[in-house]
Amino acid sequence: MDLKFSNRFSRQLPADPLVDRRSREVRGACFSRVEPTPTSKPQLIASSIEVAKDLGLTEEDVASDEFLQMVTGNLVLKDMDPYAACYGGHQFGNWAGQLGDGRAIALGEVETPSGKHLTLQLKGAGPTPYSRGADGYAVLRSSIREFLCSEAMHHLGVPTTRALSLALTGDEIVRDMLYDGNPAPEPGAIVCRVAPSFTRFGNFELFGSRGEIDELRQLLDFTIRTDFPHLGNPSPQTYIAWFSEVSQLTAQLMVHWMRVGFVHGVMNTDNLSVLGLTIDYGPYGWLENFDPNWTPNTTDKTHGRYRYGAQPQVAQWNLAQLGNAIYPLINDAEPLEAVLSDYVSHYRHGFRAMMASKYGLADWDEAEGPDVFSEGSHLDSLIHGLNSVMALAETDVTIFYRRLADIPTSAMHEPDDILVNRLGDAFYVKDQITARVIMAMSIWLRSYLDAASTIASKLGTDDAQRRSAMNNVNPKYVLRNYLAQLAIDQATEGDYSMIGELLEVLRQPYDEQPQFEHYAAKRPDWARTKVGASQLSCSS
Ligand code: AMP
Ligand code: MG
């Protein structure tokens with residue numbers, strides 16, 4: 001295996017002088033050197049060949065024993081420099097102090113053949129100084145979820161950390177999956193994650209909270225030099241430009257999550273990447289029937305802080321914490337506040353443009369001028385109108401948009417029931433489709449088709465073009481909660497084939513794949529309340 005390690009993070013930033021994996025407070029350092037704990041009987045279950053190739057690895061490399069040993073913590077190459085990063089974070093709105101990589105160990109940073117820098121990180125590789133009394137390991141079920149979802153998100157076009165591999169460790173670990181006093185042994189696993197950096201809002205917050213201003217500046221200067229070099233030499237001006245860019249990246253990420261129906265579940269500030277990547281797949285979930293108040297995380301059911309519809313506002317709250325953290329380097333609140341208020345307009349503009357594209361109306365502004373994307377426009381009334389209709393009867397969001405794309409504008413002249421019937425299997429409960437729902441939905445559909453046909457005649461486009469534009473932004477295949485759970489159930493029985501099959505389907509989420517039609521099916525009834533398929537805890 002030919003990997004060239006550059007290790008800029010650990011070479012250029014202040015290190016914890018102690019090499020001791022016992023849980024402790026670490027001050028004045030960005031990371032602690034710590035080696036992965038060896039695993040007893042590692043077994044590769046799945047890998048992502050695109051990620052391997054990006055790193056400069058071949059298929060033979062991935063099939064080699066050396067690879068297996070590397071991604072399961074048994075082989076530390078001489079140029080690697082393993083470490084756990086030190087960071088803090090606000091958890092559910094409260095400052096939690098030092099957290100850090102409690103079970104993730106970076107092996108080092110690779111300089112790829114194309115000149116990119118990518119850090120390899122093993123999640124579930126054993127205790128670090130940041131394990132805070134926990135074991136530092138990860139179970140198979142949560143590792144399957146992380147592996148599949150990272151790759152699914154990438155192929156959906158959503159910025160994310162990647163997953164190179166998923167492997168069993170051969171060691172059992174004990175978890176109380178439901179936090180109900182019934183701990184049981186589960187197979188341990190490791191995902192090798194890959195990203196240009198794993199730096200979180202919380203890395204900056206920890207230094208800010210402790211008044212460790214030198215370290216704060218070193219980390220920010222390093223981040224700008226390595227991941228934001230276009231911003232130029234570090235200075236207070238550059239710091240503001242950086243904050244503004246992080247804010248825009250975060251706004252774009254939220255727009256993507258809203259587009260595909262992803263709910264992160266634990267948007268604590270230690271789980272937000274400064275690169276605007278989706279990071280830390282835990283009790284996340286995919287929206288099935290449209291419900292802005294839905295959260296997959298059982299720990300968050302009462303307050304719903306991280307519910308689907310709240311994600312964009314939470315991201316802004318998190319950005320405010322990042323702004324507070326870097327304030328001592330700028331000493332001027334005004335430009336930071338300006339960035340936070342710009343976040344709202346960036347997000348809203350991005351959200352409207354995204355919704356227009358989901359409707360196949362991305363060129364609406366071209367036909368009728370930019371005002372169609374402004375507050376109170378026809379687009380806004382379509383969005384609000386659809387939200388209220390969808391609240392009347394459980395409607396599968398993913399299926400809904402694929403069916404909508406199939407409806408020709410001429411269908412606006414059809415009787416209500418025939419028109420609504422075109423949405424077919426998007427509805428979950430037949431009995432909910434009352435006369436009132438049919439009327440409300442057909443009014444909405446006509447208003448939509450009317451807009452679509454006006455734009456089409458102005459721009460000279462047709463139904464087929466609208467359909468294909470829509471099918472490029474509205475996925476057919478997402479990692480439905482019950483599908484991930486089925487793959488987990490089968491893996492628990494020793495059958496890992498569904499993981500590979502899902503990975504394959506999710507590589508082309510926008511394409512019709514007739515042989516995999518069953519993976520596009522809406523949630524079956526048994527999955528409505530099943531643990532794992534509809535309710536998830538942070539236990540992992
Ligand atoms: P999360 O909500 O999964 O992002 O985790 C929050 C914090 O808890 C992070 O600092 C994790 O590293 C740490 N953590 C979670 N699970 C474990 C574990 N099994 N062992 C050690 N630390 C953990
Ligand atoms: Mg985390």
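Two residues are taken to be in contact when their heavy atoms lie within 4.5 Å. By that criterion, in this predicted model, 71% of the contacts in the protein chain between residues at least 6 apart in sequence join residues at least 24 apart.

The protein chain contains 18 helices and 13 strands. Its C-alpha atoms fill a box of roughly 75 × 60 × 45 Å along the principal axes. A compact globule of 540 residues would have a radius of gyration near 24 Å, and the value for the protein chain, 24 Å, agrees with this. Of the 540 residues, 57% are buried. The protein chain exposes about 21000 Å², with carbon and sulfur atoms supplying 50% of that area.

Turning to the interior, the largest nonpolar core comprises 138 residues, and Trp 242 and Tyr 359 have the most contacts inside it. Helix α8, spanning residues 236-260, gives the most to this core, namely 12 residues. Beyond its neighbours within four places in sequence, Trp 242 touches a set of residues that includes Phe 204, Leu 220, Thr 223 and Ile 224, as well as Val 274, Leu 322 and Ile 326. Another core, of 30 residues, lies apart from the largest one; Phe 5, Val 71, Ala 84 and Ile 105 are among its members.

A metal site completes the picture. The magnesium ion (ligand 2) is coordinated by Asn 271 through OD1 and by Asp 280 through OD, at 2.0 to 2.2 Å. Asn 271 counts as buried because its relative accessibility is 11%, under the 20% cut-off. Asp 280, with a relative accessible area of 14%, is buried too.

Note on methods: Residues are numbered from 1 along each chain as its sequence is written. Chains are lettered from A and ligands numbered from 1 in the order in which they are written. This is a predicted model: local features need pLDDT of at least 70, side-chain atom pairs count only at pLDDT 80 or more; totals for chains, interfaces and linings use all residues. Side-chain values use heavy atoms; hydrogens and water are left out. Donors are N, O and S atoms within 2.8 Å of the metal (3.2 Å for Na, K and Ca); water is not among the atoms, so sites may look incomplete. Buried means under 20% relative accessible area, exposed over 50%, partly exposed in between (1.4 Å probe, protein chains only). A nonpolar core is a set of buried Ala, Val, Leu, Ile, Met, Phe, Trp, Tyr and Cys residues joined through side-chain atoms within 4.5 Å. Helices (H or I, at least four residues) and strands (E, at least two) are DSSP runs, numbered from the N terminus. The radius of gyration is taken over C-alpha atoms; the globule rule is 2.2 Å times the number of residues to the power 0.38. Accessible areas come from the Shrake-Rupley method with a 1.4 Å probe; for residues, only the protein chains shown count as cover.
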